[in-house]
Amino acid sequence: MSVDHYENFPVASVLLPRRLVPAVEAIYAFARSADDLADEGDATPAQRLAALEAYEAALTRIESGRGPHQGLFGPLATVIAQYDLPLQPLRDLLSAFKQDVTTTRYANYDLLLDYCRRSANPVGFLMLSLYGAADARNVADSDAICSALQLINFLQDVAIDRHKERIYLPLEDLARFAVEPAALDRADAGPAWRALMAFEVKRARALMLGGGSLALRLPGRIGWELRLVVQGGLRILERIEAADYDVFRRRPQLQPRDWLVIFWRALRM
């Protein structure tokens, strides 16, 4: 299970009930395209923010029942009505994408988690809502899993994000381990960097394991889907460790042989 971008949506998974495919695809199209508005192409920051504001206005039209809805917002409006989905998670996603345009550093872990709360956690909440399983306990564990996936993505993409002039590792952590931001430009994977990354990996793993019981509580296909998500994220962390935390020369990612490990561990959870 990839944890890159919004590929953790189980759009094509054989475990996803066919009845939910249109709903998941509609939500995915919204999240992916909005994320691309913030990240891709050569638009100016003002143009990116304006495009995201247009998405927010489209959500307001859906909420007020005013149509017609253009493009991806037509299927999205249908899904929102069919499953009585709240719009706040979608607005939270837009808030995070806007923040990507304006914020390139995070002073501490709490601020980074607040970003994850809006950039990742809404995905899990919406999936639970589609399954009718969005109670308080499930949402709390889903939030832990989704935030962990986001943090793992940051650890994978240190070099990619730095190319975009972003640093998602908390600055307080860099200072604690005596890693200068310039070390990211030099691709310096020395002892200080490895100690920093070991700390970040340990924290992300603890967050993932903290929410992992959700995969055992949820019945049927969603439970098995989530087992693969959890084990895929944990396997990525092992890949980072196996690379001795050097995420500069090669992005740690799952290989075909990793799937055997992931499936076996999912069965044994």
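A salt bridge is a side-chain nitrogen of Lys or Arg within 4 Å of a carboxyl oxygen of Asp or Glu. With that in hand, we can start our walk through this predicted model, which holds 20 salt bridges. We will visit a few of them, after a look at how two helices pack.

Let us begin with a pair of helices. Two packed helices are described by the angle between their axes and the distance between the axes. Here, helix α1 covers residues 21–39 and helix α2 covers residues 45–64; they pack at an angle of about 155°, and their axes lie 8 Å apart. Angles over 145 degrees count as roughly antiparallel, so α1 and α2 are roughly antiparallel to each other. Their crossing is left-handed.

Which residues bring these two helices into contact? On the α1 side you will find Phe 30, Ser 33, Ala 34, Asp 36, Leu 37, Ala 38 and Asp 39, and they meet Arg 48, Ala 51, Leu 52, Tyr 55 and Leu 59 in α2. Sorted by character, the residues of this contact comprise eight nonpolar, one polar and three charged.

Now for the salt bridges. Move along to helix α5 (residues 109–119), where Arg 117 and Asp 114 sit three residues apart and are therefore separated by about one helical turn. These two form a salt bridge whose closest N and O atoms are 3.1 Å apart. Both partners are partly exposed: Arg 117 has a relative accessible area of 39%, and Asp 114 has 30%.

Another salt bridge joins Arg 205 to Glu 241, with 3.0 Å between the closest N and O atoms. This pair links distant parts of the chain, since Arg 205 belongs to helix α11 (residues 191–211) and Glu 241 to helix α13 (residues 220–242), 36 residues apart. Arg 205 is partly exposed at 22% relative accessibility, and Glu 241 is partly exposed at 30%.

Next, look at Arg 249 and Asp 246, whose side chains meet in a salt bridge at 2.7 Å, N to O. Is each partner buried or exposed? Arg 249 has a relative accessible area of 75% and is therefore exposed, the cut-off being over 50%. Asp 246, at 12%, counts as buried because buried means under 20%.

Our last stop is a group rather than a pair. Arg 235, Glu 238, Arg 239, Asp 258 and Arg 265 are linked in a network of salt bridges. Try finding these residues in the structure above, and then go back to Arg 205 and Glu 241, the pair that links distant parts of the chain.

Definitions and conventions: Residues numbered from 1 in each chain as written. Predicted model: local features only at pLDDT ≥ 70, side-chain atom pairs only at ≥ 80, totals over all residues. Heavy atoms only, no water. Axes fitted to C-alpha atoms, helices over the stretch in contact; angles between N-to-C directions. Helix = DSSP H or I, 4+ residues; strand = E, 2+ residues; numbered from the N terminus. Parallel < 35°, antiparallel > 145°, perpendicular 65-115°, else oblique. Left-handed = near helix turned anticlockwise from the far one by under 90°. Contact = heavy atoms within 4.5 Å. Nonpolar A, V, L, I, M, F, W, Y, C, P; charged D, E, K, R; others polar. Buried < 20%, exposed > 50% of the residue type's maximum accessible area, 1.4 Å probe, protein only.
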